[in-house]
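Subject: Structure handover

Hi,

Here is the structure I promised to pass on. My notes on what turned up follow below it.

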Amino acid sequence: MSDRQWMFRALELAERGQGAVEPNPMVGCVLVHADQVIAEGWHRRFGEQHAEVDALERCSVDPKGATAYVTLEPCCHFGKQPPCTHALIRAGIERVVVAMADPFAEVDGGGVSQLEAAGIKVEVGLLEERARYLNAPYLKLVQKGQPWLIAKWAATMDGKIATSQSDSRWISNESSRAIVHQIRGRCDAIIVGAGTATSDDPLLTVRPPGLRSPVRIVISSEARLGLDSNLVKTLDEAPVWVVCGPDADAGHCNQLRDRGVDVVQFAQTDANQRLTDFMDYMGKARMTNVLIEGGSQLLGSFFDLRHVDEVHAFFAPKLAGGAAAPTAIGGAGVPTMAQVRHLGDPILREVDGDLYWQGRIRY
């Protein structure tokens with residue numbers, strides 16, 4: 001087999017860590033000697049051993065002289081785990097093929113330098129584009145200090161996410177909703193606006209429980225979240241944040257805090273600037289994947305600000321009509337069709353009659 005085929009396999013292994021390793025990157029490793037795989041490994045969970053060490057520990061033969069195919073530059077610093085470079089050097093690995101360099105400040109070329117200084121041949125860049133695609137959320141967090149923002153909605157065939165009377169239960173079918181729960185289960189947070197929190201009174205929990213228990217976030221300038229809402233009632237299941245502006249009622253904010261809600265208040269009066277500030281805030285909290293589920297105006301604001309990275313949209317074979325019925329994305333939008341945003345390499349599949357589109361936005 002070729003180097004490309006071994007690296008493809010390493011990337012497949014890396015993806016197995018999705019939802020479990022963040023804010024760390026997904027990493028896979030394949031050890032090959034004499035054109036035979038002698039071990040495979042991947043980063044399985046945050047805080048646990050990295051892919052290279054995982055592979056070395058699963059190796060049933062002496063790895064001396066082997067080639068390691070790794071999807072990300074091996075770490076060279078002490079964090080929750082010791083440096084992977086040290087493990088590769090001790091094992092007598094002869095060659096390391098790396099898909100992409102790690103931009104994390106404590107690595108960023110240092111891993112390659114350590115390996116080369118030890119006499120190991122290192123090659124970087126094989127299937128780099130695929131590796132970058134896989135770890136795009138990690139790269140955004142490291143390079144921009146913000147989480148990867150995933151937009152989700154369910155709509156009728158005429159594009160309505162609710163009727164003119166704000167009824168939205170249920171547009172998509174049970175199978176589509178199960179997919180949404182799978183997405184929720186790998187995210188650090190779920191965001192809705194005050195309108196959605198009030199009209200739908202959602203739980204925003206993951207059913208059945210997933211790999212992560214996301215923080216449930218309501219964005220409301222005035223901190224509009226009822227004390228008897230389902231979100232407040234279920235604080236023992238997952239945390240709730242209310243993100244508000246300077247004019248939110250102090251008494252109500254204190255009542256929310258007394259119930260156990262985290263009130264995140266920004267002094268910035270401009271609502272759009274608050275959203276950007278909050279993206280930075282989530283980044284500092286090391287949130288990697290964040291799901292925004294509506295409503296229309298909030299989705300539109302995030303789209304207008306170019307914060308949305310990925311889309312999951314479900315279209316049911318139903319028609320709602322109504323000029324007053326909301327569509328998925330409000331906000332200002334774009335003035336001409338030449339400026340619309342495209343999904344790069346979109347995927348379309350049928351889910352028990354619903355049409356499920358997913359893809360990443362190409363800006």
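Helix H6 covers residues 136–144, and its buried residues are Ala136, Pro137, Tyr138, Leu139, Lys140 and Leu141. Note that a lysine, Lys140, is among those buried residues. The cover over them includes helix H5 (128–134) and helix H11. Strands E6, E11 (289–292), E12 and E14 also contribute to that cover. Just after H6 comes Gly145, with a positive phi of about 70°. Please keep in mind that this is a predicted model.

Next, the aromatic rings. The count comes to seven aromatic pairs. One of them is Trp241 with Phe278, an edge-to-face pair with 6.3 Å centre to centre and 75° between the planes. This pair links distant parts of the chain: Trp241 is in strand E9 (residues 240–244), Phe278 is in helix H11 (residues 271–284), and 37 residues separate them. Both Trp241 and Phe278 are buried. Trp241 also pairs with Tyr281: the ring centres are 5.8 Å apart and the planes are at 80°, so this pair is edge-to-face. Here too E9 and H11 are linked, with Trp241 and Tyr281 40 residues apart. How accessible is Tyr281, as a percentage? Its relative accessible area is 36%, so Tyr281 counts as partly exposed. Trp241 has 11% relative accessibility and therefore counts as buried. Trp241, Phe278 and Tyr281 form one aromatic cluster together with Phe266.

Two tryptophans have an arginine over the ring. The charged end of Arg16 sits over Trp42, 4.7 Å from the ring centre. Arg177 lies over the face of Trp170, at 4.4 Å from the ring centre.

Trp170 comes up again in the backbone. A cis peptide bond joins Arg169 and Trp170, with omega about -10°. Trp170 is in the loop between strand E6 (148–156) and helix H7 (174–184). Another cis peptide bond joins Glu22 and Pro23, with omega about 10°. Pro23 is in the loop between helix H1 (3–15) and strand E1 (28–33).

Positive phi values also occur outside glycine. Ala34 has a phi near 55°. Ala34 is in the loop between E1 and strand E2 (36–42). With a relative accessible area of 65%, Ala34 is exposed. Arg306 has a positive phi of about 60°. Arg306 is in the loop between helix H12 (296–304) and strand E12 (308–316). At 45% relative accessibility, Arg306 counts as partly exposed.

Now the charges. The structure holds 14 salt bridges. In one of them, Arg95 meets Asp3, with the closest N and O atoms 2.5 Å apart. This bridge links distant parts of the chain: Arg95 is in strand E4 (residues 95–98), Asp3 is in helix H1, and the two positions lie 92 residues apart in numbering. Is Arg95 buried or exposed? Arg95 is buried, because its relative accessibility is 16%, under the 20% cut-off. Asp3 is partly exposed, at 27% relative accessibility.

Within H1, Arg9 and Glu12 form a salt bridge, 3.2 Å from N to O. Arg9 and Glu12 are three residues apart, about one turn of the helix. Arg9 has 25% relative accessibility and counts as partly exposed. Glu12 is partly exposed too, with a relative accessible area of 47%.

A further salt bridge joins Arg212 and Asp188, 2.8 Å from N to O. This pair also links distant parts of the chain, 24 residues apart: Arg212 is in the loop between helix H8 (194–199) and strand E8 (215–219), and Asp188 is in the loop between H7 and strand E7 (189–193). Arg212 is buried, with a relative accessible area of 18%. Asp188 is buried as well, at 13% relative accessibility. As for networks, shared partners join Asp3, Arg95, Lys121 and Glu123 into one through salt bridges.

Last, the surface. Met157, Leu319, Leu348, Leu355 and Trp357 make a nonpolar surface patch of about 490 Å². Trp357 lies in strand E14 (residues 354–362). Its relative accessible area is 34%, so Trp357 is partly exposed.

Best wishes

Conventions: Residues are numbered from 1 along each chain as its sequence is written. This is a predicted model: local features need pLDDT of at least 70, side-chain atom pairs count only at pLDDT 80 or more; totals for chains, interfaces and linings use all residues. Side-chain values use heavy atoms; hydrogens and water are left out. Patches are made of residues with over 30% relative accessible area and no salt bridge: like charges are joined within 9 Å, nonpolar side chains (Val, Leu, Ile, Met, Phe, Trp, Tyr) within 5 Å. Accessible areas come from the Shrake-Rupley method with a 1.4 Å probe; for residues, only the protein chains shown count as cover. A salt bridge is a side-chain nitrogen of Lys or Arg within 4 Å of a carboxyl oxygen of Asp or Glu. Helices (H or I, at least four residues) and strands (E, at least two) are DSSP runs, numbered from the N terminus. Buried means under 20% relative accessible area, exposed over 50%, partly exposed in between (1.4 Å probe, protein chains only). Rings of Phe, Tyr and Trp (its six-membered ring) pair if their centres lie within 6.5 Å; planes under 30 degrees apart count as stacked, over 60 as edge-to-face and the rest as tilted. A charge sits over a ring if NZ of Lys or CZ of Arg is within 6 Å of the ring centre and within 35 degrees of the ring normal. Contact means heavy atoms within 4.5 Å.
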